[in-house]
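Please examine the sequence and the model shown below. The paragraphs that follow lead through selected residues, helix pairs and a ligand site.

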Amino acid sequence: MLDAFGRNIHYLRISVTDLCNYRCRYCMGEDGVAKCAHADVMPFEEIAAIAAAAARLGVDKIRLTGGEPLVRRGIVSLCRMLRQVPGVRELTMTTNGSLLPQFADGLKAAGVDRLNISLDTLDAERFRRITRGGNLEDVLRGIEAAARAGFTQTKLNVVLLDGFNADEIPAFAALTKEKPLSVRFIERMPIGDAAGWEPERYLAADAVLRAVPELEPIGTDGVARLYRVPGYSGTVGLIPPMSRKFCAACDRVRLTADGKLKPCLHSATEIPLRGLTGDALETALRDAIWAKPASHTMDAAHPSDAVRNMFEIGG
Ligand code: SAM
Ligand code: SF4
């Protein structure tokens, strides 16, 4: 459906859990995730009912995220349920990839269409540092498992961090030479408990174009500006929420694991949906979409107004 600014809102991102097996420094504070009460986490039936109501209002694309979606018990059956919601044309997932060796086949069989896998460095020691203990090998095996399971058009999400992975931009771009991967560089956003983590690490996405001058623009994909090195099979995407706000092109709303609809990632506004059914649920969704602000106010000096962490919203 159209929002108050004429944007077509057709994309719902659902966070299925706050929990995560990593502790990425730009995403969560040192203490990690406070486990929320089991009763606060929406059961699958409620998630599917909200997805169905959203689909009746025009949502045709759903992405599962978290926390780490693959740590939610029974995640494959949730995928199966969501794939059967009338009107949903595309079901995707954003994952840190570490559990894909175990889950890739099941996700494919359940009808998940595509995967975004987050990976900020190709160096094992750096990986351990940024995730506070993660094992790079697990993610690399996860990427292979996804390909073996038949996933194509996989996207690799890289959060740009100055003095951490800026020197790896050419290596990430080189991954697109043989493989039809899309490597997408995302600007780090100051949000939640990790907002104050080493602010000097923010790096504007244009740094990618300076590091790989051969890149040529080839269009856009949602909020990403796409580039390709001539002759390469894959693409490089830039996602610049800080340096080039793309709110005018925003087409999404977000659902938290405890059942709050967030019209904007960076607004404090949350509409509780739990307990609503039928017309009441559709009306709440419609009001939430209508309440979507024109744009966020975040920049390097002003952290996000969201009253949550990224791992509670799902990015
Ligand atoms: N755990 C999964 C993962 O890491 O892919 C899904 C949830 S995670 C919150 C979703 C995406 O948000 C990841 O690509 C992650 O790198 C990104 N992200 C987390 N915190 C961020 C921040 N402060 N700025 C920009 N991207 C961030
Ligand atoms: Fe976990 Fe993803 Fe946040 Fe990293 S970015 S801590 S993997 S939720």
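Which residues does C250 touch, not counting residues up to four places away in sequence? C250 touches R7, I9 and K292, where contact means heavy atoms within 4.5 Å. This is a predicted model, in which local features need pLDDT of at least 70, side-chain atom pairs count only at pLDDT 80 or more, and totals for chains, interfaces and linings use all residues. Residues are numbered from 1 along each chain as its sequence is written, chains are lettered from A and ligands numbered from 1 in the order in which they are written, and side-chain values use heavy atoms, with hydrogens and water left out.

C250 itself lies in the loop that runs between β9 (235-239) and β10 (252-255). Helices (H or I, at least four residues) and strands (E, at least two) are DSSP runs, numbered from the N terminus. With a relative accessible area of 13%, C250 is buried; buried means under 20% relative accessible area, exposed means over 50%, and partly exposed lies in between, for a 1.4 Å probe and protein chains only. The C-alpha atom of C250 is separated by 8.3 Å from that of N8, although these residues are 242 apart along the chain.

A second buried residue is T94, which has a relative accessible area of 11% and belongs to strand β3 (residues 90-95). Its contacts, leaving aside neighbours within four places in sequence, are R13, R63, L64, T65, P69, N116, S118 and N157. Between T94 and L238, which are 144 residues apart in sequence, the C-alpha to C-alpha separation is 17 Å.

The helix packing may be considered next. Two packed helices are described by the angle between their axes and the distance between the axes. Axes are lines fitted to C-alpha atoms, for helices over the stretch in contact, and angles run from 0 to 180 degrees between N-to-C directions.

Helix α2 (residues 75-83) and α3 have axes that come within 8 Å and cross at roughly 20°. That angle makes α2 roughly parallel to α3; angles under 35 degrees count as roughly parallel, over 145 as roughly antiparallel, 65 to 115 as roughly perpendicular and the rest as oblique. The crossing of α2 and α3 is right-handed: a crossing is right-handed if the near helix is turned clockwise from the far one by less than a right angle, and left-handed if anticlockwise. On the α2 side the contact involves I75, V76, C79, R80 and R83, which meet F103, G106, L107 and A110 of α3. By class, this contact of α2 with α3 has six nonpolar, one polar and two charged residues. Here Ala, Val, Leu, Ile, Met, Phe, Trp, Tyr, Cys and Pro count as nonpolar, Asp, Glu, Lys and Arg as charged, and the others, Gly among them, as polar.

Helix α3 (residues 100-110) also packs with helix α5 (residues 136-148), at an angle of about 20° and with the axes 8 Å apart. The helices α3 and α5 are therefore roughly parallel to each other, and their crossing is right-handed. In this pair, L100, P101 and A104 of α3 meet D138, R141, G142, A145 and A146 of α5. The contact of α3 with α5 comprises five nonpolar, one polar and two charged residues.

For helix α1 (residues 44-56) and helix α8 (residues 278-290), the axes come within 10 Å and cross at roughly 65°. The crossing of α1 and α8 is right-handed. A49, I50, A53, A54 and R56 of α1 make the contact with L281, E282 and L285 of α8. Its residues are six nonpolar, no polar and two charged.

Attention now turns to the loops. P180 is placed in the loop between α6 (169-174) and β6 and counts as exposed, at 61% relative accessibility. It touches Q153, S233 and G234, not counting residues up to four places away in sequence. The C-alpha atoms of P180 and G234 are separated by 3.9 Å, with these positions 54 residues apart along the chain numbering. That is, P180 and G234 are 54 residues apart along the chain. Q153 is found in the loop between α5 and β5 (155-160), is exposed at 55% relative accessibility, and has a positive phi near 55° in a residue other than glycine. E198, in the loop between β6 (182-187) and α7 (206-211), likewise has a positive phi, near 35°, and counts as partly exposed at 30% relative accessibility.

Finally, ligand 2 is surrounded by C20, Y22, R23, C24, C27, M28, G67, N96 and F311, a residue being near a molecule if one of its heavy atoms lies within 4 Å of it. This shell around ligand 2 divides into six nonpolar, two polar and one charged residue.
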